[in-house]
Amino acid sequence: MKVTVVGAGAVGASCAEYIAIKDFASEVVLLDIKEGYAEGKAMDLMQCASLNGFDTKITGITNDYSKTANSDICVITSGIPRKPGMTREELIGINAGIVKAVSSSLLEHSPNMILIVVSNPMDTMTYLAHKSLDIPRNRIIGMGGALDSARFKYRLAEALGAPISDVDGMVIGGHSDTGMVPLTSHATRNSVKVSEFISEERLEQVAADTKVGGATLTKLLGTSAWYAPGAAVSGLVQAIACDQKKMFPCSTLLEGEYGLNDICIGVPVILGKNGIENIVDIELSDAEKAHMQASAEGVRKTNGLLDV
C-alpha cells in the first residue's frame, strides 16, 4: 500500500504522521514544491519510527511526480491556508490552479489511484478534480465532513459533560462556515438522542460553534488547524486501504442523490477498497433539508468562479 501526500505543510505532514503511526501502509511519499522541505519533514518523521513503533517508510520528494508512481491513494493538501478573517471560498483563485495541476500529475503516474482532496474551498476543489480527471466518481473524495463531524462531537461532548467516546454525530453539507449542516436530530449519547440531555437552545449553540470551528482555530493560531485535519484524512485513507467499509460524511459528486445533481457536497458514504462504495441516503428533517439546499446553492455559487 503506497500513499502519496502532496503538500508537506502542517496538514500534509500531520496526515503523513498519523498514517505512519497507524502502520497500515508500506510507504508514504510526501511531496512539496519547496526544495528540501518534504525531505526534511520525512527525515524528522522517520526518526520517530523507533519511538512510535511503526515500520512505514516515509519518503520526501521535491516536485518529482515520477516518485509517486503506482500510488494506491493520493491526498492533495497543497495550496495556501486560511488566515484570520478569510473564508475558505477566498482561496479559490490560487488553489484552483494548484489542484488542477497536481491532480493531473498524480493521475499521469498513478492511473488507478483514489484521490482525496483537502485543499480549500474543498467542495469546489473536489468538483474541479472531477471535471479535470476522466476517472469514475467513486475514486475522487473530498475530506471535509469527517473533520467537521469530529468538531461537532467535540462540542457535543463539551455540552453534555460526557466523554467523547459516548457521543456520536455527523455533519453533512458544504465544508464552509455557513454551509455545514450539523445533524442535531440524529446526534446521540450511547444511542440516546442528545436532546434528552440538553436544551434545544444549547444544541443550537453546539451547531453554531461547530460551523465556525475552523475559523475559531484560525483566529487563535493565525493559520489553519492541522492536527484534526491530518487525523481526519488518515481515517479516510485507512478505511480505503484496509477495506473497512466505514461510514464517513465526504464530499462526493452527486447524480440525483439528496435531490442534487452535478455538485460535490458532503453526504454519508461507505468507504472501502474501491473508494466510495455506497452513498447512504438518510432521512432529514424539513429544516435539515432546507439547510442542505441552501448549502448546495452556496457551493454552486463558488463553483461558478471556476474556469472549467
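Biologist: Which residues does UniProt list for "domain: Lactate/malate dehydrogenase C-terminal"?

Modeller: Keep in mind that this is a predicted model. The name comes from an unreviewed UniProt entry. Over that stretch the chain is 42% helix and 25% strand, with the end C-alpha atoms 22 Å apart. The range listed by UniProt is residues 147-300.

Biologist: Which helix gives the most to the largest nonpolar core?

Modeller: That core has 53 residues, and I116, I141, L236, V237 and L271 are those with the most contacts inside it. The top contributor puts in six residues and spans residues 227-241: helix 9.

Biologist: What is V237 in contact with, leaving aside its neighbours within four places in sequence?

Modeller: V237 is among the residues with the most contacts inside the largest core. In general, nonpolar side chains in soluble globular proteins tend to be buried together. For V237, the partners are V3, I19, F24, I73, V75 and I116.

Biologist: Is the aromatic pair W226 and Y227 stacked, edge-to-face or tilted?

Modeller: The ring centres are 5.4 Å apart, and the planes make an angle of 50°. Stacked needs under 30 degrees and edge-to-face over 60, so what falls in between gets the remaining label. For W226 and Y227 that's tilted.

Biologist: And is Y227 buried or exposed?

Modeller: Its partner W226 has 25% relative accessibility, so W226 counts as partly exposed. Y227 has a relative accessible area of 55%, and the cut-off for the top class is over 50%. So Y227 is exposed.

Biologist: Which residue lies over the face of F197?

Modeller: Here a charge sits over a ring, within the 6 Å limit from the ring centre. The distance is 5.6 Å, and the residue over F197 is R189.

Key
Residues are numbered from 1 along each chain as its sequence is written. This is a predicted model: local features need pLDDT of at least 70, side-chain atom pairs count only at pLDDT 80 or more; totals for chains, interfaces and linings use all residues. Side-chain values use heavy atoms; hydrogens and water are left out. Rings of Phe, Tyr and Trp (its six-membered ring) pair if their centres lie within 6.5 Å; planes under 30 degrees apart count as stacked, over 60 as edge-to-face and the rest as tilted. Buried means under 20% relative accessible area, exposed over 50%, partly exposed in between (1.4 Å probe, protein chains only). A charge sits over a ring if NZ of Lys or CZ of Arg is within 6 Å of the ring centre and within 35 degrees of the ring normal. UniProt positions are given in the numbering used here, feature names are shortened, and annotations may be inferred rather than shown by experiment. Helices (H or I, at least four residues) and strands (E, at least two) are DSSP runs, numbered from the N terminus. A nonpolar core is a set of buried Ala, Val, Leu, Ile, Met, Phe, Trp, Tyr and Cys residues joined through side-chain atoms within 4.5 Å. Contact means heavy atoms within 4.5 Å.
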